[in-house]
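Reader: I would like a close look at a single part of this protein, taken slowly and with the terms spelled out as they come up.

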Amino acid sequence: MNRIRDGKPVALAILGVALVAAILLAIHGRAPWYDEFYTYYVTRPGTGFGMVWPAWMRDNHPPLFYFAAWATNWLGPAMADRRLLNLGFFAGAVAALCLIGRARPDLRGLLFAYAVALAGYQPMIERVAELRSNFLAYAAGAVAVAALTAFAAPFRVAPSRKAAAGLTVTLAVAFFVHLSATLILGAVAAAFGLRLILARDWQGALRLAGIGLAAAIPFVATMAFQAATIAGNTRTFWIPAGFDAARWAIELETIANLTANWPLTLAGLAGLALLAAQVLSQRRLSPEASLVLTLAGGLALAAGLLIAVHLQRPFVIGRYLVCLHPPIAMILATGVAALAGRLGRKAGMLLDVALVAGALLAIHGHLRDVLARAGWDGTASAIARLASACPGTKIYADTYWNQPTLNLPPADNRAVMPFAYAWVARDHGFALAPASSHALAAACPTVFWTEHVPGQATDARTIRDALRHRGFPVTEGHLRRIGDGWIFVAPPHGG
């Protein structure tokens with residue numbers, strides 16, 4: 001691998017400052033959405049472990065993230081406060097990558113390109129700004145791929161006890177966050193094991209197998225209790241089924257990866273072409289080419305497993321595929337390192353500048369997209385303005401249109417939906433009318449508020465008729481769509 005250059009620490013410092021600033025802006029600026037309220041509800045302050053553990057086990061994901069969110073309620077009650085948990089995961093991943101770089105100084109050029117790649121990918125900004133497990137999966141996947149690259153190469157000196165323990169803990173976390181992360185990183189780890197076997201490094205293969213089995217214990221133990229529940233929950237599910245749906249999700253996530261930072265992608269592809277030419281001329285695999293083939297094989301196996309499971313129980317969507325990014329990042333970083341090794345000092349510094357500039361542009365674009373994403377604040381802000389203009393405004397949470405979500409297992413959805421409406425109303429300073437009431441405001445508008453109905457098509461007349469059928473004496477009203485929800489505003493009932 002190429003040697004580290006003097007400008008790299010400065011470039012990483014600049015990138016790091018910009019990245020942390022963007023993370024904080026995203027955490028505090030993104031509007032909350034339904035899945036975050038699910039996490040908030042099942043980890044809410046004031047609940048004992050014995051109360052929340054059953055809810056975690058009823059869900060479709062391993063409970064590690066829920067435990068971390070519950071244990072950090074001290075961060076504060078606001079959604080942005082709770083999201084700061086992800087900043088801790090970010091700091092932990094950075095520290096782990098630094099330790100790997102210290103243990104393998106020969107890989108620092110590779111790890112520089114890898115870190116720049118990860119910083120510019122969409123999950124770094126989008127997933128860090130949500131109270132869900134996806135960013136933990138991304139961070140754990142990033143460290144796991146780096147650790148496998150550093151410590152699972154054929155015929156290397158056995159890693160120190162600290163390094164072996166670190167790899168075990170990293171894989172254990174990665175396996176215990178999300179089922180898609182388990183499949184993807186399990187496939188990548190298996191590919192590293194196969195690499196050792198093909199190289200006839202039996203000691204290394206046995207060592208990695210032992211680490212992998214130890215890392216899988218928490219996941220396997222939990223799945224012994226959770227698997228039947230997950231299978232039942234997903235028998236009829238909201239995620240589109242079929243081969244094409246899974247293939248498109250994987251393809252779109254890969255395209256998003258490759259187009260995030262064009263200087264890095266182009267430099268990586270150029271370096272990979274150099275490695276391929278070297279292999280053809282020398283007729284043997286270099287360690288770098290072997291690493292690329294290992295990662296590519298792991299990705300191919302992961303894609304096959306994801307599609308196979310999806311055909312049985314639909315679960316492949318874009319935000320669940322965050323662990324595809326680290327292996328692709330390492331492949332491109334290997335190409336970048338190979339290209340940089342052929343360049344002089346000045347050309348190498350220019351390449352570093354281009355990579356970081358591409359990452360900064362990507363971060364800016366992802367931040368802009370995240371801040372523009374629809375959330376519950378859009379409809380709630382509009383309602384708050386109506387209530388401020390006429391304090392007698394009556395506001396109803398109209399959950400009639402949320403029946404698909406309310407009926408979706410696990411059963412906690414039936415409690416989470418009204419909890420979310422009440423939480424957002426309180427956060428925006430207005431009160432909801434009792435669900436049992438059917439009265440309309442006499443001198444102010446009456447607002448019927450519906451959120452989390454993406455793609456649901458209806459019109460004002462249909463909403464009015466549904467309200468009248470449920471006992472509301474509504475004769476007319478105006479429908480206003482905002483983000484993934486709407487507000488239906490009926491005029492004052494008194495005249």
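In which loop is Asp201 found, and what surrounds that part of the chain?

Author: This is a predicted model, in which local features need pLDDT of at least 70 and side-chain atom pairs count only at pLDDT 80 or more, while totals for chains, interfaces and linings use all residues. Residues are numbered from 1 along each chain as its sequence is written, and side-chain values use heavy atoms, with hydrogens and water left out.

Asp201 is found in the loop between α11 and α12 (202–233), where helices (H or I, at least four residues) and strands (E, at least two) are DSSP runs numbered from the N terminus. Asp201 is buried and yet has no salt bridge, the nearest side chain of opposite charge being Arg207, 5.1 Å away. Here buried means under 20% relative accessible area, exposed means over 50%, and partly exposed lies in between, with a 1.4 Å probe and protein chains only. A salt bridge is a side-chain nitrogen of Lys or Arg within 4 Å of a carboxyl oxygen of Asp or Glu; as for charge, Lys and Arg count as positive and Asp and Glu as negative, whereas His and the chain ends are not counted. What the side chain of Asp201 does reach is the backbone nitrogen of Gly204, at 3.0 Å.

Arg200 lies in the loop between α11 and α12 as well, and it has a positive phi of about 60° although it is not a glycine. With a relative accessible area of 61%, Arg200 is exposed, whereas Asp201 is buried.

The same stretch of chain also takes in a nonpolar patch on the surface, formed by Leu194, Ile197, Leu198 and Trp202, which together have about 450 Å² of accessible area. Such patches are made of residues with over 30% relative accessible area and no salt bridge, like charges being joined within 9 Å and nonpolar side chains (Val, Leu, Ile, Met, Phe, Trp, Tyr) within 5 Å. The areas come from the Shrake-Rupley method with a 1.4 Å probe, and for residues only the protein chains shown count as cover. Helix α11 (residues 179–198) gives the most to this patch, with three residues. Leu194 lies in helix α11, and it counts as partly exposed because its relative accessibility is 47%.

Note on methods:
A polar contact is a pair of N or O atoms within 3.5 Å; within protein, one must be able to donate a hydrogen and the other to accept it, and residues adjacent in sequence count only if both atoms are side-chain atoms.
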